[in-house]
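Work through the exercises below with the model open beside you. Each task is followed by a solution in steps.

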2 protein chains.
Amino acid sequence: MDLTERPDLPFDVFSKACPSRGTLEHVTGRWGGLTLGALYEGSLRFNELRRRVDGVSEKMLSQTLHALERDGLVHREAQPTNPPRVDYELTALGRGVAERLLPLVHFVEGNMAEILAARERYDAMRASGGARGALG
Amino acid sequence: MDLTERPDLPFDVFSKACPSRGTLEHVTGRWGGLTLGALYEGSLRFNELRRRVDGVSEKMLSQTLHALERDGLVHREAQPTNPPRVDYELTALGRGVAERLLPLVHFVEGNMAEILAARERYDAMRASGGARGALG
DNA sequence: CGGTATCCCGGCCGATACTG
DNA sequence: CAGTATCGGCCGGGATACCG
């Protein structure tokens, strides 16, 4: 397959004004991707999600969920019980996004050792003073 | 395939301290993804890249390229000519990332109309005052 | 051409307190 | 439990100027 072949769509992410850039940032931002990933495993309540996405604050989780719900990727199901119970789950669109996002995440996780090695090489090269090759 | 099945790796992105989160942000951040996408189409020079990635500033492109180079995703080839010529291209690892990133980007682009419609519905619902259904 | 250095603002984000 | 309100720090990122 040729991934450079771009279908003739009305939206082009390379264009400055393309609204897809905004959604892409919701989806791939610091918390958006982790939230979608967690929900891909199944419906979760607010605090379950908060525990699953290690490090997220109440505020950011709430904000992230609102953005994803607005984009039609997450469905919010509130039950008017006491205490209140709210479940979050992916929509069909959200599953589509998650199915394409997770392979990327897993690929990076799986190659993290190589990435860390590349970083060490890069940093060592800079520290030792330049762009010369192995021979110095 | 079951994307929830996570191989037993030393790195887990859901964990607060996982370094993959950093690389993921380089890759999916505001400019990282567009830069990888542009380079997936072929090797490019600095200003070619700058024109292709509409809206990026010199500073952010430089910063983005450094981060991607450090992570071993992009290779920088400088020729000591005058005027200077520098080419950027994806490494094998970078192509692996791009191949998983592009389907996500294309999916969002392709479903942008639906996403925008979801936003309008969401905003209209909020403006009209509540979580009631179609019957008001 | 291919960058780096500096200034500065907006908003991301965490911490804390409060509400239904 | 499931959030909202408010404050403040930090830094992403744009504008501009400058360098080899």
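**Exercise 1.** In this predicted model, find how α4(A) and helix α6 of chain B cross, and list the residues that make the contact.

*Solution.*
Step 1. Helix α6 of chain B covers residues 112-127, and its axis comes within 8 Å of the axis of α4(A). The two axes cross at roughly 115 degrees.
Step 2. Angles of 65 to 115 degrees count as roughly perpendicular. Therefore α4(A) is roughly perpendicular to α6(B).
Step 3. On the α4(A) side, the contact is made by A:H66, A:E69 and A:R70. On the α6(B) side, the residues are B:I115, B:A118, B:R119, B:Y122, B:D123 and B:R126.
Step 4. Sorted by class, the residues of this contact are three nonpolar, one polar and five charged.

**Exercise 2.** Find at what angle α2(A) and α4(A) cross, and sort the residues of their contact by class.

*Solution.*
Step 1. Helix α4 of chain A spans residues 58-70. Its axis and that of α2(A) come within 10 Å and cross at roughly 75 degrees.
Step 2. This angle makes α2(A) roughly perpendicular to α4(A).
Step 3. From α2(A), A:G32, A:T35 and A:L36 take part in the contact. From α4(A), the residues are A:L61, A:T64, A:L65 and A:L68.
Step 4. The contact of α2(A) with α4(A) holds four nonpolar, three polar and no charged residues.

**Exercise 3.** Are α5(A) and α5(B) roughly parallel or roughly antiparallel to each other? Give the residues in contact as well.

*Solution.*
Step 1. The axes of α5(A) and α5(B) come within 9 Å, and they cross at roughly 175 degrees.
Step 2. Angles over 145 degrees count as roughly antiparallel, and α5(A) and α5(B) are therefore roughly antiparallel to each other.
Step 3. α5(A) makes the contact through A:L93, A:G96, A:V97, A:R100, A:L101, A:P103, A:L104 and A:F107. α5(B) makes it through B:L93, B:G96, B:V97, B:R100, B:L101, B:P103, B:L104 and B:F107.
Step 4. The classes in the contact of α5(A) with α5(B) are 12 nonpolar, two polar and two charged residues.

**Exercise 4.** State what rotation superposes chain A on chain B, and which residue of chain A comes closest to the rotation axis.

*Solution.*
Step 1. Two copies of a chain are related by a rotation about an axis and a shift along it.
Step 2. Here the rotation is 180 degrees, the shift along the axis is 0.0 Å, and chain A superposes on chain B with an RMSD of 0.0 Å.
Step 3. This is the relation of a two-fold axis.
Step 4. A:T28 is the residue of chain A that comes closest to the rotation axis, with its C-alpha at 2.8 Å.
Step 5. Both copies use the same surface, as 100% of the contact residues of chain A recur in chain B.

**Exercise 5.** Count the cavities of 30 Å³ or more, then describe the lining of the largest cavity and of the second largest cavity.

*Solution.*
Step 1. There are five cavities of 30 Å³ or more.
Step 2. The largest cavity holds about 200 Å³ of space. It is lined by 18 residues, and A:V13, A:L24, B:G33, B:L34 and B:V105 are the closest to its centre.
Step 3. By class, nine residues of the lining of the largest cavity are nonpolar, five polar and four charged.
Step 4. The second largest cavity has a volume of about 150 Å³. Its lining has 13 residues, and those closest to its centre are A:T28, A:G29, A:R30, A:G33 and B:L24.
Step 5. α1(B) gives the most to the lining of the second largest cavity, with four residues. The classes in this lining are six nonpolar, four polar and three charged.

Definitions and conventions: Residues are numbered from 1 along each chain as its sequence is written. Chains are lettered from A and ligands numbered from 1 in the order in which they are written. This is a predicted model: local features need pLDDT of at least 70, side-chain atom pairs count only at pLDDT 80 or more; totals for chains, interfaces and linings use all residues. Side-chain values use heavy atoms; hydrogens and water are left out. On a 1 Å grid over the protein atoms alone, a cavity is a set of points where a 1.4 Å probe fits but cannot get out, and a pocket is an open set with protein on both sides within 12 Å along at least five of seven lines; lining residues have an atom within 4 Å of a point. Grid points are joined across faces, edges and corners, and a volume is the space filled by probe spheres set on the points. Ala, Val, Leu, Ile, Met, Phe, Trp, Tyr, Cys and Pro count as nonpolar, Asp, Glu, Lys and Arg as charged, and the others, Gly among them, as polar. Helices (H or I, at least four residues) and strands (E, at least two) are DSSP runs, numbered from the N terminus. Axes are lines fitted to C-alpha atoms, for helices over the stretch in contact, and angles run from 0 to 180 degrees between N-to-C directions. Angles under 35 degrees count as roughly parallel, over 145 as roughly antiparallel, 65 to 115 as roughly perpendicular and the rest as oblique. Contact means heavy atoms within 4.5 Å. Copies are superposed by least squares on the C-alpha atoms of residues with pLDDT of at least 70 in both.
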